[in-house]
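Biologist: I have a model open on my screen and would like to learn how to read it. Could you walk me through some features, one at a time?

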Amino acid sequence: MKAFDQVPKHRLLAKLSSYGIRNNLLSWIDSFLTNRTLSVLVNGSKSNEGMVTSGVPQGSVLGPLLFVVYINDMPNEIKSMLYMFADDTKIYREIIDDEDNTFLQSDLDKLSQWSSDWMLNFHPEKCTVMHLGRTNPQKTYFLNGVELQNATTEKDLGVIFDDKLKFDDHIQCKISKARQTWGLVRRSFTAIDTVTFSQLFKALVRPHLEYASSVWFPSSKGQSIDIEKVQRNATKQVPGLQNLSYKERLQHLKLPTLKHRRRRGDLIETYKMMNEIYDHNAVPGFDIYPRSNATRGHCLKIRRPLSKTNLGQNRFTSRIVSDWNSLPEDIINSETTNTFKNRLDEYFCNDPSVYDYDL
């Protein structure tokens, strides 16, 4: 990543010193960053070595940590919400009136000034604006004096977001990737029995259809059916199972429906949020019922938020309510995430919807 190569060594050492890293430790890091050389090998021909005058070594254990230290003060004066992951930075703000627009532009100006002061430049041509919401005024924003272009889709940490938050592009992309992967597996094995199928499908194919599913959860029945078809069609190719129904194939393979897996994943994410395993500022909040003697069930029941649209009713904090509120107390009070998973699987052991997509 180019950003890792742009970090000025002397400014980095100054920041480390300001954090209290001094004397022998600072000298050791200085030595780690000094007298590094670079050469290029193309078709067997090697260039002369040149001195590396900036950057932190990529592929090292210390390199990413030094980069994070260098950019750690970037959000200090920013009023809008800002999240950073390695060299990716996202800034966003709810725009209600012109004042909000002014604040957001002011924060972009501050980011531009920070990048100039610390010689770690943003590239406006690689930055975009995504406007969300039906009433969004869709104002124009500038970075380093360059107008930022609008985007209708954007890939972030492996998930393709669109400005309608329907995730059609992401779902179709992952379905295609999962099918390609299964096709490659099928061509690589002359014979696949039930045990081998389960191991290969769960390890190589299913992750494409489950990664971050709590974020891009299908908003329509058609999307859900398309996702399930990947597993439905793959199980038909297992010798001896071709004439069985989809439900019977899954029971034989001990493979839950992808629909159930998303349900299970939502419940696990809810447990993590309730137990503050995630940063509470980065996850949605829940409206928990006050505990009273009249309340049946566990003590962490949540209210369903009001919504007038189908998209809103399908959001995480809405769709999880019924399943979460129906869980027994001993599952909710699990000491660890792994304990919660194990107890949850035991709870679902006799649930017919685990293998029946239509339930």
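Biologist: Let me start with a pair of helices: in which kind of crossing, left-handed or right-handed, does α2 pass α3?

Modeller: Happy to help, and please keep in mind that this is a predicted model. The crossing of α2 past α3 is right-handed.

Biologist: And how do the axes of α2 and α3 lie relative to each other?

Modeller: Look at the approach and the angle together. The axes of helix α2 (residues 9–18) and helix α3 (residues 23–33) come within 11 Å, crossing at roughly 160 degrees. Angles over 145 degrees count as roughly antiparallel, and α2 and α3 are therefore roughly antiparallel to each other.

Biologist: Let me step back to the whole chain. How many helices and strands are there in the chain?

Modeller: The chain has 16 helices and 12 strands. Its C-alpha trace spans about 65 × 60 × 45 Å along the principal axes. Of its 359 residues, 36% count as buried.

Biologist: Which residues of α4 are buried?

Modeller: Here the idea is to ask how much of a residue's surface is accessible: buried means under 20% relative accessible area. In α4 the buried residues are L62, G63, L66, F67, V69, Y70 and I71. That is 7 of the 10 residues of the helix, which runs over residues 62–71, so α4 is largely enclosed by the rest of the structure.

Biologist: Is there a general rule for which positions in a helix point the same way?

Modeller: There is: an α-helix has 3.6 residues a turn, so residues three or four places apart point the same way.

Biologist: Now for the outside. Which residues form a nonpolar patch on the surface?

Modeller: F85, L157 and Y211 form that patch, and together they have about 330 Å² of accessible area. To find one member, go to strand β5 (residues 81–85), where F85 sits.

Biologist: Next, backbone angles. Which phi value does F167 have?

Modeller: Phi of F167 is near 60 degrees, a positive value in a residue other than glycine. Look for F167 in the loop between β12 (159–162) and α6 (168–188). K254, also not a glycine, has a positive phi of about 55 degrees. That residue lies in the loop between α10 (246–253) and α11 (258–274).

Biologist: Is K254 buried or exposed?

Modeller: K254 is exposed, with a relative accessible area of 67%, whereas F167 is buried, at 6%.

Conventions. Residues are numbered from 1 along each chain as its sequence is written. This is a predicted model: local features need pLDDT of at least 70, side-chain atom pairs count only at pLDDT 80 or more; totals for chains, interfaces and linings use all residues. Side-chain values use heavy atoms; hydrogens and water are left out. Buried means under 20% relative accessible area, exposed over 50%, partly exposed in between (1.4 Å probe, protein chains only). Helices (H or I, at least four residues) and strands (E, at least two) are DSSP runs, numbered from the N terminus. Patches are made of residues with over 30% relative accessible area and no salt bridge: like charges are joined within 9 Å, nonpolar side chains (Val, Leu, Ile, Met, Phe, Trp, Tyr) within 5 Å. Accessible areas come from the Shrake-Rupley method with a 1.4 Å probe; for residues, only the protein chains shown count as cover. A salt bridge is a side-chain nitrogen of Lys or Arg within 4 Å of a carboxyl oxygen of Asp or Glu. Axes are lines fitted to C-alpha atoms, for helices over the stretch in contact, and angles run from 0 to 180 degrees between N-to-C directions. Angles under 35 degrees count as roughly parallel, over 145 as roughly antiparallel, 65 to 115 as roughly perpendicular and the rest as oblique. A crossing is left-handed if the near helix is turned anticlockwise from the far one by less than a right angle, and right-handed if clockwise.
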